[in-house]
Amino acid sequence: MTITVQTPPLPAPSSADPFADTKCGACIGLCCRYFALEIDTPDEPSDFENLRWYMLHERVQIFVDDDDWYLQIYSKCTMLGDDHKCMDYENRPQICRDYTDESCDYDGPQGEVFHNIAELDAFRDKWVAEYEAGEKRRADKAKRRKGKKKKRR
Ligand code: SF4
Ligand code: SF4
């Protein structure tokens with residue numbers, strides 16, 4: 001399943017409602033429509049099995065930010081009002097206070113995003129090919145070193 005989030009264009013400035021002129025004022029509260037949990041960065045081919053399992057579920061995707069991997073679960077916050085504003089702004093959790101509109105969801109993904117298992121599989125195939133090439137290089141190097149040691153005797 002592909003999840004599509006649309007970012008409406010920023011409105012023309014008007015002095016009537018200063019909030020409406022801001023990025024958040026033009027947004028539908030994209031950052032309040034999911035939560036994301038950091039997951040292990042794949043280190044070896046078998047690590048992709050869990051990632052593939054995550055991707056078999058509805059309303060999830062995986063994204064990579066600064067080399068950190070996250071499972072993103074689309075589930076709207078119960079405090080997000082129909083006007084796309086927080087209904088309990090004064091008591092919002094710290095994570096909401098820390099989030100800024102700099103390079104936020106409105107601007108689109110900053111790194112790799114896997115919307116479905118096919119995209120993840122394509123990435124995995126390339127990743128595994130590079131991993132195996134690296135393993136082979138390391139094995140060849142170790143073999144050459146061993147050969148040199150033998151010659152010295
Ligand atoms: S911080 Fe970004 S994603 Fe969140 S409401 Fe503002 S513009 Fe939208
Ligand atoms: S508590 Fe408010 S700011 Fe935080 S995610 Fe929910 S709606 Fe958004």
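**Note on the predicted model**

1. Among contacts between residues at least 6 apart in sequence, 65% join residues at least 24 apart in the chain. The model under discussion is predicted. Of the chain's 153 residues, 7% count as buried. Four helices and four strands are present, and along the sequence they follow the pattern α-β-α-β-β-α-β-α.

2. The four strands form an open sheet in the order β1-β3-β2-β4, with antiparallel pairing. Its edges are β1 (34-39) and β4 (113-114), each of which pairs on one side only. Strands of a sheet pair through backbone hydrogen bonds, in either the parallel or the antiparallel sense.

3. Strand β3 (residues 68-74) pairs with β2 over six bridges in the antiparallel sense. The pairing of β1 with β3 is likewise antiparallel and also runs over six bridges. Ile 73 of β3 is a useful reference point in the register: Val 60 stands opposite Ile 73, and Phe 35 also stands opposite Ile 73. Elsewhere in β3, Asp 68 has Asp 65 opposite.

4. The hairpin of β2 and β3 has two residues between the strands, and there Asp 66 takes a positive phi near 55 degrees. Asp 66 is a residue other than glycine, placed in the loop between β2 and β3. Is Asp 66 buried or exposed? With 6 other C-beta atoms within 10 Å, Asp 66 is exposed, because a residue with 12 or fewer such atoms is assigned to that class.

5. A second non-glycine residue with positive phi is Arg 59, at about 60 degrees. Arg 59 belongs to the loop between α2 and β2. Arg 59 counts as exposed because it has 11 C-beta neighbours inside 10 Å. Both backbone conformations merit a look in the displayed model: Arg 59 at about 60 degrees and Asp 66 near 55 degrees.

6. Helix α2 lies across β2, β3 and β4, and runs at about 135 degrees to β2. The largest nonpolar core has seven residues in all: Leu 51, Met 55, Val 60, Ile 62, Trp 69, Phe 114 and Leu 120. Two or more residues of this core come from each of α2 (48-55) and β2 (60-65). In soluble globular proteins, nonpolar side chains tend to be buried together.

7. Which residues does Ile 62, a member of this core, touch beyond four places in sequence? Its contacts are Leu 51, Tyr 54, Met 55, Trp 69, Tyr 70, Leu 71, Gln 72, Phe 114 and Leu 120. Among the residues on that list, Leu 51, Met 55, Trp 69, Phe 114 and Leu 120 also belong to the core.

8. Glu 112 lies in the loop between α3 (94-98) and β4. Glu 112 counts as partly exposed, with 14 C-beta neighbours inside 10 Å. Not counting residues up to four places away in sequence, Glu 112 touches Phe 63 and Val 64. The C-alpha atoms of Glu 112 and Asp 66 are 9.8 Å apart, although the two residues are separated by 46 residues in sequence.

9. Ligand 1 is surrounded by Lys 23, Cys 24, Cys 27, Gly 29, Leu 30, Cys 31, Asp 101, Cys 104, Asp 105 and Tyr 106. By class, this shell divides into six nonpolar, one polar and three charged residues.

10. Cys 31, one of the residues around ligand 1, is placed in the loop between α1 (23-26) and β1. Cys 31 is partly exposed, with 18 other C-beta atoms within 10 Å. Beyond four places in sequence, Cys 31 is in contact with Tyr 99, Cys 104 and Asp 105. Of these partners, Cys 104 and Asp 105 are also part of the ligand 1 shell.

11. The residues around ligand 2 are Cys 32, Cys 77, Met 79, Leu 80, Cys 86, Arg 92, Pro 93 and Cys 96. Its shell has seven nonpolar, no polar and one charged residues. Between Cys 31 of the ligand 1 shell and Cys 96 of the ligand 2 shell, the C-alpha separation is 8.8 Å, with their positions 65 residues apart along the chain.

Definitions and conventions
Residues numbered from 1 in each chain as written. Chains lettered and ligands numbered in written order. Predicted model: local features only at pLDDT ≥ 70, side-chain atom pairs only at ≥ 80, totals over all residues. Near = placed C-beta within 6 Å. Nonpolar A, V, L, I, M, F, W, Y, C, P; charged D, E, K, R; others polar. Core = buried A, V, L, I, M, F, W, Y, C linked by C-beta atoms within 7 Å. Buried ≥ 20, exposed ≤ 12 C-beta atoms within 10 Å, placed from the backbone. Contact = placed C-beta atoms within 7 Å. Pairing = 2+ DSSP bridges. Axes fitted to C-alpha atoms, helices over the stretch in contact; angles between N-to-C directions.
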